[in-house]
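Thanks for making time this morning. I would like to walk through one protein with you, going from its aromatic pairs to its cores and then to the overall fold.

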Amino acid sequence: MLFRISFLISILAAACPIWGQAPQKRIVTQEDFKLWHKINMAEVSLDGNWLSYVKKYEGHPDTLFIKSIKPSLEYSFPGGKSGHFGKKIFTCIMPDSSLNILNLNSYKSSSIRQCGGYALAHGGRRIIAVKGTKKIKTIIIADNTGAVLDSLMNVTEHIISDNGRYMALVEKNSFCSSLKYYDLSKGKVQTVFESDDEILNIVLGERGIYIAFFSGNAAQPNRVHLIESCSGFHKSYAVKQEESIKIFMNRKLKISRDGTMVFFDTYSLPPSTENQNVEIWHSRDEIIYPLKKAEQSDKNYFFSVWYPKKGTLIRYGSARETANLSGRENYAVFFKGGLQGQEGNRYHINSIYIESFDTGKRVLAVKDIIMEKSRVSLSPSNDKMAYYYNDQWWCYDMKSDKHISLTSSIESQWDDKIQARTQPEVYAAALWSQDGESLLLQDKNDIWLVNADGNSAKRITNGRERNIEFLVDWDSLNRNKKRHPYTSLQYPSVSLQEPICLSARGSNNEQGYFTFQNGKMPQKLLYGNFAAEQLFKAEAGRYFAKVQSFNLPPLLCWTDSPDKKMHTEVRSNPQHSSYAWGKSKLITYRVPDGRFLKAALLYPAGFDPAKRYPMVVKIYQSLSYQIHDYMIPSVKEETGFNPVNYTLNGYLVLLPDIGYVYGRTGISAAESVEAAVNKVKEMGIVESQSIGLIGHSFGGYEVNFILTRSSSFAAAVSGAGISDMTAYYFSTENNYKGTQAWRFESQQWRMRNSFYNAKESYYENSPIFHAEKITAPLLIWCGKEDVTVPASQSVALYHAMRRLKKETVFLQYKNEDHNLKSKESQKDLSLRIKHWFDHYLKGEKSERWLKENL
């Protein structure tokens, strides 16, 4: 059994009341859309007795709620935000900027007025409230009853230590700036530094004992400081401006755990270049001119280390190298961003260098490694590094300069190159154990426990046998992680003696969560034919999750431990049961190369198997995973299409997966979609002359191309799609200023070859060259300021359709990007697309804009 019977029956009863005579269901109209809300879990209390969640409404302000398990109590905070549980309190900021404090024992409320932000400290026993402007603030320190313990005026910045016991802040008056150190557990404050200069970028060490900061001019400080709060030890260093070395203010400082080093970035201005009226683009340049120009205008930053006791500042690495610290902070790990001549590969082929703080020795650790997608993981507890290279996981010991293969003796696949949609990705980053002696590695279905010395490896889940993909739940793992500079490659370490939360997905899109510990097989929290997300684990051990299906509004559920009863605590959208709704079904179809693919088929409300219905097919790579999504009816959609708006109005909606073939991107997409549509036709429920096709971005390209090869569609909608692959290939990206060739040779377009090595393939898969074969009326739309796919691509297709005298309408939204952000634009597009399909698929009367320019 996946659940206790009582929980299963409650879900079925909520989704479809089939026992006895079911009441007549109402039809959802656009006017009814405002009744629906989205719901998201926000936080759970440490003892697991309270949860907070937010209901998001389209027509009025969001509402923050908290609810207790025992006794069952609920409080609402209309417009509330930033809700947090403290020590027997719940706090949130209300629309009038007051900080509301609810005592969870007495249920009495208090408040702090005019609060711009706050934090909980000292284990939730202290409230640090902020009043005032961004430049000058007042800090209020209160206990968990809301009683004010202290008030600090004229504060320019403040920071709380990771353990929540200490706070550092800067007070400024007309004479000087003062740095103060506050012991929140004892309520004691001391002034540790005063200066006529500005005090900037204060940071606390991980234990809160050390304080580091810059001083000098606010725009360009020239001195770095370190203070030890206990002893009063104070050192400072003047950065040598005369040597053109300046402090880089874009990044925070970091203090080493032992206080012997302070890490920050310095920079030197690049050599000035003459203003020229001509741009010189040279074919021998490693990077193209726009990207080179953008880099030249940036600062040449360097990772720098100040040694307070030695009084020296040393730059490590080379200019513009990204720096990370090893776990024991004895080494810096460097790699450099940028394409460096890799025209066809945005996934940087890079080299990793290790530099010792003790000796200054620089070692090339790994050459020609892809730095994308979690392929490098630094141990948080020692000076070791796991990395993925040549289809295997490796461990590198920085001290001994030795590499050990971790997976060469394991018969498994660690990346998705067989199923890869774009550049192959590892299934997950390597996770280190807290002692740094072992790692958790992920293959397609299972998690392996591997010793860092490579001597042993054990598969600790049984996903392969159960046809389940187990994955460490990164959302719950990262939820309380403290972020520090120079540690982006250090992922949270795990205790193998404590329960580790796993997400699970079955071959037919079953979902759920499991836990495992001490190397034992996973134990189920919940798992079944539904969507499960937002897993929270209270410190006391209770688990919470959100569960939903296509025809079941989201539930917030909890259980005390694995394999125990799952309780429903909060039900969303109670009005759902009064309205007719559809259902979803997973279908399987075969494509010409023999592969079997899946699609989510969404049925219309009040479905009658004796009837045939119009159908809209939405495409974008693979969409069957949406089979269990509960969709809120709304016309405020960034791409103008919401499937449930259609299922509530007599349509089938098909969300297919596409099986791509390299070099045949558009062709294989057409074959996959055609096979999916034919499968539904075989079911005898679709009106074969009333099928529509819609896609956006890459899905828009797929629509454009499929229409040149298929006559299955009576109408189509293409949003911000590519029509001319060759023109896009030879263009420059607006955001990062590089060539677009990488998208075709190593990313989404899957051509896997340059244009000159595969001209015929580019021609065959480019819609613009075959537009004369399009027979379906086509609605084209885009944002006029689109920086991802130029509007000119949509304009070109419009011109082709117009020249060929094909039925087409082009909508171009002013001041809009790739996705529409204006609510007015979203509604306009959603309604026009609905009218388009209603006219061509249902035969409804056309509106004027369909036939003439107003």
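Before the first residue, one cut-off: a residue is called buried when its relative accessible area is under 20%, exposed when that area is over 50%, and partly exposed in between. Please keep in mind throughout that what you see is a predicted model.

Let me begin with the rings, since a search of the whole structure finds 48 aromatic pairs. One of them joins Tyr603 and Phe607 in an edge-to-face arrangement, with 4.8 Å from centre to centre and 80° between the planes. Is each partner buried or partly exposed? Tyr603 has a relative accessibility of 5% and therefore counts as buried, whereas Phe607, at 23%, falls in the partly exposed class.

A second pair, Trp836 with Trp849, is stacked, the centres being 6.5 Å apart and the planes 25° apart. Because Trp836 belongs to helix α12 (residues 823-842) and Trp849 to helix α13 (residues 848-851), this pair ties together parts that are 13 residues apart in sequence. Both count as buried, Trp836 at 0% relative accessibility and Trp849 at 10%.

Elsewhere, ring pairs link Tyr728, Tyr729, Phe730, Phe744, Phe755, Tyr756 and Tyr762 into a cluster. There are also charges over ring faces: Arg362 lies over Tyr353, at 4.1 Å from the ring centre, and Arg542 lies over Trp558, at 4.4 Å from the ring centre.

Turning to the interior, the largest nonpolar core holds 59 residues, and the members that touch the most others are Met615, Val617, Leu654 and Leu693. Helix α6, spanning residues 665-682, gives the most to this core, namely 8 residues. If we set aside neighbours within four places in sequence, the contacts of Leu654 include Ile587, Ala599, Met615, Val617, Ala676 and Val680. Apart from this core lies another, of 39 residues, among them Leu602, Leu623, Leu820 and Leu829.

Finally, the whole protein. It has 13 helices and 52 strands, and 55% of its 854 residues count as buried. For that number of residues a compact globule would have a radius of gyration near 29 Å, and the protein, at 30 Å, agrees with this. Among contacts with a separation of 6 or more, 53% are between residues 24 or more positions apart. The accessible surface comes to about 38100 Å², and carbon and sulfur atoms account for 47% of that area.

Definitions and conventions. Residues are numbered from 1 along each chain as its sequence is written. This is a predicted model: local features need pLDDT of at least 70, side-chain atom pairs count only at pLDDT 80 or more; totals for chains, interfaces and linings use all residues. Side-chain values use heavy atoms; hydrogens and water are left out. A nonpolar core is a set of buried Ala, Val, Leu, Ile, Met, Phe, Trp, Tyr and Cys residues joined through side-chain atoms within 4.5 Å. Buried means under 20% relative accessible area, exposed over 50%, partly exposed in between (1.4 Å probe, protein chains only). Helices (H or I, at least four residues) and strands (E, at least two) are DSSP runs, numbered from the N terminus. Contact means heavy atoms within 4.5 Å. Rings of Phe, Tyr and Trp (its six-membered ring) pair if their centres lie within 6.5 Å; planes under 30 degrees apart count as stacked, over 60 as edge-to-face and the rest as tilted. A charge sits over a ring if NZ of Lys or CZ of Arg is within 6 Å of the ring centre and within 35 degrees of the ring normal. The radius of gyration is taken over C-alpha atoms; the globule rule is 2.2 Å times the number of residues to the power 0.38. Accessible areas come from the Shrake-Rupley method with a 1.4 Å probe; for residues, only the protein chains shown count as cover.
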